[in-house]
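Me: I'd like to pick your brain about how the terms people use get tied to actual values. Here's the one I'm looking at.

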Amino acid sequence: MATGTSTFEQQKAEVTRVPLVTNNRSISWITQNISSIVEEKTPIWWWVAMMFTVPVALFGLFCVAYQISTGVGVWGENHPVGWAWDITNFVFWIGIGHAGTLISAILFLTRQKWRTSINRASEAMTLFAVCCAGIFPAIHVGRVWMAWFLAPIPNANAIWPNFRSPLLWDVFAVSTYFTVSVLFWYVGLVPDLATLRDRAKSKVTKFIYGIFALGWRGANRHWRHYEMAYLILAGISTPLVLSVHSVVSFDFATSVLPGWHATIFPPYFVAGAIFGGFAMVLTILLPARLLYPQLKDVITPQHIDKMCKIILLTGSIVGYAYAMEFFMAWYSANPYEIWVFLRNRVADPVVFGPLFNVPPAPYWWAYWAMIGCNVFAPQVFWSKKNRHNLILVFIIVNLVNAGMWFERFVIIVTSLHRDFLPSSWGMFHPTWAEIGLFVGTFGIFLTLFLLFMRFLPMVAMSEVKIVLPEADPHHHPEGPSHDKTTQVQH
Amino acid sequence: MKHIFHHPPEKATGRKYWRSIGQLAETKEFQGWLEREFPEGASELKADGVSRRSFLKLMGASAALAGMGLAACRHPLNLVPFTESSEWSIPGKALFFATSMPWRSGAEPLVITTHDGRPTKVEGNPRHPVSSGGTGTFAQSSLLDLYDPERSRFFYQDGEEATAEDFEHSLDYMIGRLGDGSGLAFLAEENASPTRERLRKEVLKRFPKSRWAVYEPLGNELADAAHAAAYGAAVTSVFNIEAADVVLSLDNDFLGSDEVAPVVARGFANRRRVEKPGDKMNRLYVVENRYTITGGMADHRLRLPASQVGHFVLALAKELGVDAGGITAEGNVELPEGWVREAAADLRSTNGRCLVLVGNRYPVAVQQLVAAINEKLGAQGKTLFSLPQTVEPALSLSDLATAIKEKSVRTLVILGGNPVYNAPSDYNWRELQESIPLVIRLGLHEDETSRVANWHIPAAHYLETWSDGIAYDGSYTAVQPIILPLYNGWSENDLLAKFAGQPKPKGSELVQETFRARLGGADFAKSWNQFLHDGFLPATVKPGALSYRGSLPSAKLAAPAGPGAIEIVFPADAKMDDGRFNNNGWLQEAPDPITKTTWDNVAWISPKTAKELGLKHPIHASEHDLVEIAFDDNRKVEAAIFIVPGHADNSIALSLGWGREVVGKVGEGTGVNAYRLRTSDSLYYGVGAKITNLRRKFPIAHTQEHFSMEGRGLVREATLDEFAENPTFVKDNVSPPAPPNGVSLYPHPKLTSPNQWGMAIDLNTCFGCNACVIACQAENNVPIVGKEQVINGRSMHWLRNDRYFVSDGGEEEDLGEYASDPQMVVQPMMCQHCENAPCETVCPVNATVHSDDGLNVMAYNRCIGTRYCANNCPFKVRRFNFFDYNQRPIGKVKVPILGEVSGLALGPLTKKGMADTLKMQKNPNVTVRMRGVMEKCTFCVQRIQEARIAQKVKAGSSSDTTIPRDSFTSACAQACPTDALVFGDIADPESRVSKLKAQQKAYTLLEYLNINPRVTYLARLRNPNPKMPDAKRTASQAEPAHS
Amino acid sequence: MAEQKRVYGIGAEFSSPAELMHAAEKVRDAGFKRWDVHTPFPIHGMDKAMGLGKSWLSAVVFIGGITGFLTGVFLQFIPSSFIYPMIVAGKPVNFMTVPAFIPIMFELTILLSAFACVGGLCVFTQLPKWYHPIFNWERFTRVTDDGYFLLIEARDPKFSETKTRQLLTDLGGAHVTLVHD
Amino acid sequence: MANIFPRWSNLLPIKLAICAAVVGAALTAGCWYYFTPKYTRVGYMPVQPVPFSHDIHVSQLGLDCRYCHSFVEVAAHSNVPNTQTCMNCHSQVQKENPKLQPVRDSWETGKPIEWVQIHKTPDYVYFNHSVHVNRGISCYSCHGPVNKMEVVYHAEPHSMAWCLDCHRAPEDHLRPQSEVFNLDWTPSGGRTQQEIGLELKKEWNVNPPENCAGCHR
């Protein structure tokens, strides 16, 4: 009788939902094709790509060395603009990280099975993004060699860090975030590493993957704890990911500076982070999908479609936050707040400047670049046609990436450069050193990701297998469902 | 089990530098100097208890101290004690010496702080009425000149380095062959030193045919001439501005560069201290072409091209019924309806308790007419007084020039000054000087003049020399060496003594002689010691009345500037003076009081004229339009323009003292030389220059880009009457409003110390003269950062003077659309020591926290430099060491591929370390900050601690640890010539600061943030004459805090 | 496996999760204790089929979390309220300042929970365990691909080489193999 | 053979864990002990150019500290005696003692003796001797039993924590003003240091600064 009901549910299920893995691929097909990415011999394009990314990364590291050895002065920062690209880039990269955790944790908790095809890659992206992010707060300080003062360790000076400082919160939040992400990612990797171990031809690879596979043997007495562990990690990562960007936003929200001092920041930052993060996931996966056609069946148009929808949603949330900030400034009737929003950001030479009869804001272009990329660009995703036009999607998500960088730049620099006392107002101009460092982090990020693609399974095989029909213990290989799926598919 | 370190004895650190002094110890004059010291114990100072002998030993000691202080690693360091005790000197304890700074308008009485024999700080002499403890900017900065590593160190004969001995020999030889002195001429600076005057007479006695000329580019030649014509040559006049109810300044910047005596500023300020509603204050009318800090204080200001001031004076004379005699004027000038009438009426109404001042480089006729006006107003004996002339009249530069042209000068001795650089361009002084067979030049620096001199002799700084002077009030002041000449310099007295046929003086004997002569009988030793201890003898002659013998010349004032003919005005520079301070980093980087420019001079121009010439104010501070200012083909310069609100139309001001050709690294390539435009008949201004827009840009570093307060309640203003009606106007329409008192989410921890430090700043007596800025820099070892860094917005001043232009309309200065004629307000801005300081909570390492006596303290050694505190500081007063400003070259350095690069940006590739002499200037009680740490005003915490410790030491085994009331103060407050800044204990209701804070016009900034600053401002008041045409706009300019 | 070694157990391979599940139920009912199924991915309902209870890893994590939280509390309050209380921006040093301390308490809670979770996993599963007899079974490599295995250990009291082999064959297991240690 | 890892490898995790724990503990303990001034400074005993013995001069001859360190009561800096001070006596006493040759040389040449510094506060610390010795803090509290030292060594850590200990509880060191330079003094009259300290603290209104500005400027 169990079977009877199951076939019925089966049919219901099959007609209503498009399968997550198309062309009715078998479990062994998954194993074969995902593993092959790692096993086949290194493709030319990989070497070519590395030849670009590695030098860029190295240049970035050179900029770091130069800055540390010479002083923060090699950047364009000044009084009053004490933070500029350094913290902008920090927030930018941290934000990107969030999509990974979101996909792996939150979508897991909400039983979004489609996450399985993309969570591995996006978690990797998280880690690499956080690596890049970590560089900036570390070296933006004037005396890096004294940074250990931040650690709450008993010392002969009997003095401790200031636990009230949002910067110290950052230290804890970001390091925790990185650690937990690594654990989460690794736990997920273990079964797939076992796969690679068992498929490995040469002894060496077998040995190496073997070590990291920890002797995994798929025993059910392991799976039950494993699943629990995975669930719990997902459970704690979810508040963590929300907290991290909230804490980052506290750096600004807890200050007294007009334009920073805003209670809306935490949710607004988190939304922005997810927004930017998904954009970056797509930025990476779309090319990967081209390079490895077999991924097309795993990362299907409906995945992209879903992600576009999330971008559209979060993009609109961010847009709402911008509007709300503006409204609060006006509603608070605080001239300093109004000044920052109207005369440091919005007022452009053509429309709003003349409209409010104020001169153009020095950074109006940054503000409108942000609005354009973050609020207007994603609106094209309302149409399904656009969501399935991969070229367009790729363009839009890259606009979003840029937009999110501008958002942080706008928040940090335009608030700082003209605050309370007009006498102290100034401008900020970046130097080659900080531009080089920013570009360099992209080099680092991509290099790491290329290495990841080459040596680790890009898709969580064991998880994808679960979502296949045949993984269901009540599923019967024969029966009409197949044709159904295929029909729906075509 | 512990490992014990052992160290063999090693070479002393910090010894290296002192080798030079070591050599000094060998030299003859020094040995002589030693034995001479105790002729009969006469010149030992009982009072201060320091014998001159101790100096060298103290230096030896401080060598060791310096070595210790600057050593980086811990093991091993050596302690180097003296071999012999030196009386009264206690290592690490400051000693104070009274002296005075020679200046053309009278010596400035000073007290010098020394640490282990190193002068480290200049303060005013509190006992002297002229100073009362205040100082001017120049006195404060002169300290850096003493230590200038580029000061002249060597003797030069025709460009070849020579020794002092060589020089003395050839000098003796040369003097021997001078005969009656015909062909011998001296060119000196204005200086009323009686000793110099005495030597001059002796030289004249020995060489009756010799010539003695005096030249000061900013001197009082014309003023003296006018004065002589009006009152006779025997007397000089002083004015008591404190006695004047109404002052009319005709382009006389008596609060700024024209009259540096602190007594004038103080006297003026004393009449503007309004404590409660109903108090009276004086009224100031100013007529000037450009904004000066005097103009900034004006109650009524009329902007008028300098060339029209004469016409104004005529109009005023007519109004007052003064017979202008033969003085007429070409062309006529439109003056605002009623301005002259009402001003005149106001002056008259004071029957004599008023004063009309005119710029001291205006044509003699104009100045004579002003004298006549003062006479008519009855200022004599009320505000104007006479003092006997102490200096014999001398030849002028033009007389000397003619003599040289006639080839009747064969030996020229130039004592200081720099005529090749700053003589009127029509003299072609360089050629003249080259035409002289023998030129001996005594100078602090190897400069333009020494380049065309046969002998260059390094001059001793006034802090290294024995001399004397006459202060503004006629009192006799001492100039005594605080330190041995660092570079073996000679004083002008040394040189004159040789000419007078005496040996080069070994010490104070020359001055003692003068002193003896002045003193008459009396116990010499005692009174001499007293004199050195106090630094002066009180004025013997009381100011008397002037006798006016009105004889106005017949003169025709030239046609004034107009749209066609633009005038160029040559004001004294607020920082370079006549150029003598050009190699002084503190002054180079001090922002100009009005334009806030540093490291350059700029051509000030009015918005209207600028528009007419198609010149714009740059959006990026570093890109100013370049123009060419030309009178003819060889009288022209290229200058960057700076649009200044309130500047007179058709008039350009280009300050003197810049664009030096031969100068040290600091002054190299700064500014343009306005002397090129200046001729003997246009000493102050010249009409008819051609201005061409070169369509090129030039970077100008200034510390304040935005001119308008944007309607924010920062400087709060009212007129005297408004204050009387509404004593609490400062609290009105403040937006956002201050939270009701004591409202807070949580209880604030109690500040437990018995003393709570705070400051009050009276905006009504602060002119923005920069004395406090430099004083702070000297006291707190604040580094200079160089032009490039200032452009990048990284100037390090802990204390800055914010200057705003206030006017009815909300102009957008940063767009170049200026108010044509706004008013000016100044606001000193330093760390406000907020009780709830936003900077503290954000510091992740507790590097900046609050002390129990209410200071926002900054622990440099804990700071890791996140800059978060600076971002969260509402006043942006925190300063970050972006580079290693103390250890790396500030300027450009040459490197192989890249060419000229900023030394700072090269960082570790450059040589580390600061000049040894500069180390000597550093205040040993303040940490010299390294790169990567944040710093800011500490309320001079080192002084606070000193006071507290002193009291505790005094208390010993008793419980009396309370610091005496107002027994010390911060560097800025001490330097302030007008006591506008007052520092003290606000927990003590009787302290000066508490009293000021209790006033009704006291307010703090940004109340709405609930940060409780410890710095309180007293609102600015103006006292407009209701009848004046511009009274309306002057009235109620109180910047309404936002509405 | 050149030289004979003692028997570890008998394993069989099944063709689909459904069959494996079915077999597991049977083995459970046969009353075996020391046996396990090996699959490329967790199969839902298998715990029930094998008669396993709930995993108590959650308890470990809870303890970890509490530890982290308390660490946060003490780490912050002890220095800033007792060892060296400093006046920072006029903020109180007593419990009133707790809002400022919450973020770090939170982060530490998460961090130690995560450590407890992974640590617990290792303990409960006794991983890493690089050597395992079952790896001696050549076919077993398919377990990480698409093989579904069931293995009964020799240590099980009910284990008898012939009977157990028979049982597995009856349950439809293919490639029934004797796995040596 | 599918098993690529030997049997023993299964014990590796445990072993590694234990090793890590041990090494970690050792490192922590090591830093705790060796990287503190308590270790790096205390006991520092350099060879001095002149083998001057405080023991002889103070304990045996009974010289007062202030005879040589003459400014300790009035200045922040406690001076090292100059050659003259030594010669005051040694021009008569021990004229020929070869050990004193450097002193005599210095006296003749006028070149100072270069003592090796032992107690060094960092440049950013502003310690003031006068305020301590005038308020009942003995030399002993910071320099230890110098009067007993043949060769002077670093007796106390002089770390910030160490300074704070006393600034927070001065009663542990306060003593009657008369006994400040008596390094052998011990609480007498049946009263403990605590009792005496607290009494003096109250009587003299002793409240040492605990904020940064107290020592860092």
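Me: How many helices and strands are in chain C, and what makes a run count as one or the other?
Reply: In this predicted model, chain C has five helices and four strands. A helix needs at least four residues in a DSSP run and a strand at least two, so the nine letters β-α-β-α-α-α-β-α-β, read from the N terminus, are runs that passed those cut-offs.

Me: How do you know what chain C looks like next to a compact globule?
Reply: Set its radius of gyration against the globule rule, 2.2 Å times the number of residues to the power 0.38. For 181 residues that would be near 16 Å, but chain C has 26 Å. Its C-alpha trace spans about 80 × 35 × 30 Å along the principal axes.

Me: What makes a residue "buried", and what percentage of chain C is buried?
Reply: Buried means under 20% relative accessible area, counting protein chains only. By that cut-off, 56% of the 181 residues in chain C are buried.

Me: Which part of the contacts in chain C comes from residues 24 or more positions apart?
Reply: Among contacts with a separation of 6 or more, that part is 78%. A pair gets in if its heavy atoms are within 4.5 Å.

Me: How many positive and negative side chains does chain C have?
Reply: There are 16 of each, and the centres of the two sets lie 6 Å apart. His isn't in either tally, because Lys and Arg count as positive and Asp and Glu as negative.

Me: What are the model's scores?
Reply: ipTM is 0.91 and pTM is 0.90. For chain D, the mean pLDDT is 91, with 99% of its residues at 70 or more.

Key: Residues numbered from 1 in each chain as written. Chains lettered and ligands numbered in written order. Heavy atoms only, no water. Buried < 20%, exposed > 50% of the residue type's maximum accessible area, 1.4 Å probe, protein only. Charge placed at Lys NZ, Arg CZ, Asp CG, Glu CD. pLDDT = per-residue confidence, 0-100.
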